[in-house]
Amino acid sequence: MVRLFLVILKLLLILISAGWISLWLLKPTEVWTRKWKGAEDKATATVFGYNGLDFAVYTFPIIALAIIGFIYLELKPKEPKMRPGRSSITALSSPLIINRYLGILSGIEILASSLFIIFLAWTFYARISNDFRKMTPVKSFKLTPWQYKMYRMATRCGLLAEACLALLLLPILRGMSIFRLLGIQFEASVSYHICLGTAMIFFATLHGTGTLFIWGIKHRIQDEMWKWQKTGRIYLAGEIALITGLVIWITALPQIRRKWFQTFYYTHHLYIVFLVFFLFHGGDRHFYMVFPGVFLFALDKLLRIIQSRPETCILSARVFPSKAIELTLPNDPRLKYTPTSVIFLKVPSISKFQWHPFSITSSSSVNEQAISIIIKCEGQWTSSLYNQIHAEKDSESDLRKCIPIAIEGPYGPTSLHFLRYDHLLLVAGGIGLTPFLSILQEIGSKLNNGRNRYPAQIQFIYTVKNSQEICLLDPILPQLLDIEQFHIKLKVFVTRENQPSTSLREVLRDLPDMQIINFSTTCSSYATHGPQNLPWMAAIAMFSSIIFLLLLSFFNHFIVPPSKKPSRPKNSTSLIDLLLICSFFIAVVFSALVVVIIKWKRLRQEFPLFSDKQSQSMKQSSHEVNRALDEHEIHFGGRPNFQDIFSNFKNECGGSEIGVLVCGPETMKKNVASACKLNSQVPGMNSRKTNFCFHSLNFTL
């Protein structure tokens, strides 16, 4: 019964997606324009007015995808039932282009990007060809034919920016993300957000500069650019939106974001100004096209704010000799998360606004009461946290002060996708090993529980600059010590040191001791609860949509005078735009209040934090090793040769599916992707050939 229901939900998702895409393809055509004007005229006389029609056709399909998708993900099996076959989909997901500037692109990404570019070209061509065919110069400007053509091209570039804006916010949704339906997680989809934002600013700049150029030729800049007319396009609002968008884009460039993170962080919140003035510039009818992303993003943002309240605290910290710290945080035993999940952390004593993502190194299958993360001291924020914790090392009391923190997440994959493969090849560089710590602990828990769904062989390649960083392997020492049961082989490469004839056991033995610092929990009695479950997400999205539509219809019928109601789709008024903003704000806030009530009822059944004695018993010393570590390899003075590693591992595994997971510097990822591409065979040619399936884990935002 559940399987049949999943099939029905999947068909609905496909049909809604196909309908929404078809809508965008038909919208530039003259046939759609004529039919839509007639439909709006008929809808104006109904209870919901033309607003209801625009919302139902342009906005609700994406919200419906989120609602149905949440239910589908909730019912979908969490563990794969069979190994993946060698199909065309597997081939498309493998690296196809590896470039210095473009990065690593799979066949699916290239196909999706190509289709989107074709769609933009089609939209531009359909609009421009229709404009050129009519050739109706603007009377007030008295434009020549070439000036009119340039003016219309600049105008149509604004529609291309609108198409990019419609998708811009969808990739950066966390809790309300519909990208999870495609198996794309938040950290990976940030790159899509960056590309869409760049394209949007490019087309918006062409739109603005082209229009200003024509105004300049006709000496109308002073007359036109300051207009805030009652109906139609508000040019001043468009100019403010463009300037705001440029400020956001410039401060988000990697060179500025990495050097002045606070500047990037605070200016990025100008998106509120940008969206409001875009609404005033384009009008409510154009805004309904981009409204799905704005609607879901606002819900997602408010739910995340609610989730991070109340604050919790740090239970303990382990200080590594490599200037890294492992934090242990309280977790609600009811909260289950998958390996490679991410949490966002805020420490109010350092900054009351900054959130930073960290991959979880623990497994809820191993320990239900705590979440662990490892933080490497690399930037200003992490250095401040490291210094604050390191200062407690010399404290004479056994229990140090309480450090309150706020947590968002965990956010992660909906299933244990790495269990699909016959064999695993894990490649980590430096602090990039953190997601693999949770993966290996999860596999270890399944082995201990007698489950047979785990890879037959695992090879772990770990590259570090100096030997002190090897201490970060401590959480997975049980797996490394029991090679026969876990079938794991570790190869460590220390690139900046030379110590010939030294074993991994000897290196670990010579490392300085790690110190565990236990903190007080008097400042908070709450654990990490995680985001709302998926069925509740679906209910909240549906509830908010209904409230918004009812409010907008009410305002339009009882506040907007009949004389001010626009009669044609090209007309818009600031009053109607303000009513849309008010309806949206009230609907989202009202839904958030409902969530707050539900959450506080849940907090009444709070599980107590585990004691400091328990937190100490969870830890083990990195010196609890034996000669089993000699079975693993350690190499000094060079980087791994991935071509040789892949070839040897392929010979050991025979004809099978090998999952390749890599997390580390971009150069390493590209080298691993190249090795995957060269060593994978064409699917379907020979069933005994080995196939490498590449997966990049990226937690650098």
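Here is a walk through this structure, from the whole chain down to a few single residues.

Keep in mind as you look around that this is a predicted model. The protein chain has 701 residues, and 52% of them count as buried. Its secondary structure comes to 23 helices and 16 strands. The chain also folds back on itself a lot: take the contacts with a separation of 6 or more, and 81% of them link residues 24 or more positions apart. On the outside, the accessible surface comes to about 32,300 Å², and carbon and sulfur atoms account for 62% of that.

Let's begin with a sheet. Find strands 8, 5, 4 and 13, which line up in that order as an open sheet with antiparallel pairing. Strand 8 (370-376) and strand 13 (515-518) are the edge strands, each pairing on one side only. On average, neighbouring strands here are turned by 20° against each other, if you ignore direction. Strand 5 (residues 324-330) runs antiparallel to strand 8, and seven bridges join the two. One place to spot this is Ile 325, which stands opposite Ile 375 of strand 8. Now look for helix 14 (residues 380-390), which packs on this sheet and touches strand 4 (316-320), strand 5, strand 8 and strand 13. The direction of helix 14 makes about 80° with that of strand 5.

Strand 4 deserves a slower look. What joins it to strand 5? The two strands pair in the antiparallel sense over five bridges, and they form a hairpin with three residues between them. In that turn you'll find Lys 323, which has a positive phi of about 60°. On its other pairing, strand 4 runs antiparallel to strand 13, with four bridges between them. Val 319 is a handy landmark for both pairings: its bridge partner in strand 5 is Ile 325, while in strand 13 its bridge partner is Gln 515. You've already met Ile 325 as the residue opposite Ile 375 in strand 8, so you can step across the sheet from Gln 515 to Val 319, on to Ile 325 and over to Ile 375.How buried or exposed is strand 4? Five of its five residues are buried, so the strand is largely enclosed by the rest of the structure. In a regular strand, side chains alternate between the two faces of the sheet. Both faces of strand 4 are covered: Ser 316, Arg 318 and Phe 320 are buried on one side, and Ala 317 and Val 319 are buried on the other.

There is another open sheet to visit, also made of four strands, in the order 3-9-6-7 with antiparallel pairing. Strand 3 (312-313) and strand 7 (356-359) stand at its edges with a single partner strand each, so one side of each is left without a neighbour in the sheet. Strand 3 pairs with strand 9 (residues 404-411) in the antiparallel sense, over two bridges. If you look at Cys 313, its bridge partner in strand 9 is Pro 404.

Next, the cysteines. The structure holds one disulfide, formed by Cys 402 and Cys 523, with their sulfur atoms 1.7 Å apart. Where does each half sit? Cys 402 lies in the loop between helix 14 and strand 9, and Cys 523 in the loop between strand 13 and helix 19 (534-558), so the pair ties together parts that are 121 residues apart in sequence. The torsion about the S-S bond is about -45°, so this disulfide is left-handed. Cys 402 is buried, with a relative accessible area of 17%, whereas Cys 523 is partly exposed at 40%. Two further cysteines are buried: Cys 164, at 0% relative accessibility, and Cys 377, with a relative accessible area of 16%.

Last stop: Thr 251, which has its place in helix 9 (residues 235-251). At 11% relative accessibility, Thr 251 counts as buried. What does its side chain reach? A polar atom of the Thr 251 side chain lies 2.8 Å from the backbone oxygen of Val 247, and the side chain also reaches the backbone oxygen of Ile 248 at 3.2 Å. Leaving aside residues up to four places away in sequence, Thr 251 touches Ile 256, Arg 257, Thr 263, Phe 264 and Thr 267.

Conventions. Residues are numbered from 1 along each chain as its sequence is written. This is a predicted model: local features need pLDDT of at least 70, side-chain atom pairs count only at pLDDT 80 or more; totals for chains, interfaces and linings use all residues. Side-chain values use heavy atoms; hydrogens and water are left out. Two strands pair if DSSP finds at least two bridges between them. Axes are lines fitted to C-alpha atoms, for helices over the stretch in contact, and angles run from 0 to 180 degrees between N-to-C directions. Contact means heavy atoms within 4.5 Å. A disulfide is a pair of cysteine sulfur atoms within 2.5 Å. Buried means under 20% relative accessible area, exposed over 50%, partly exposed in between (1.4 Å probe, protein chains only). Accessible areas come from the Shrake-Rupley method with a 1.4 Å probe; for residues, only the protein chains shown count as cover. A polar contact is a pair of N or O atoms within 3.5 Å; within protein, one must be able to donate a hydrogen and the other to accept it, and residues adjacent in sequence count only if both atoms are side-chain atoms.
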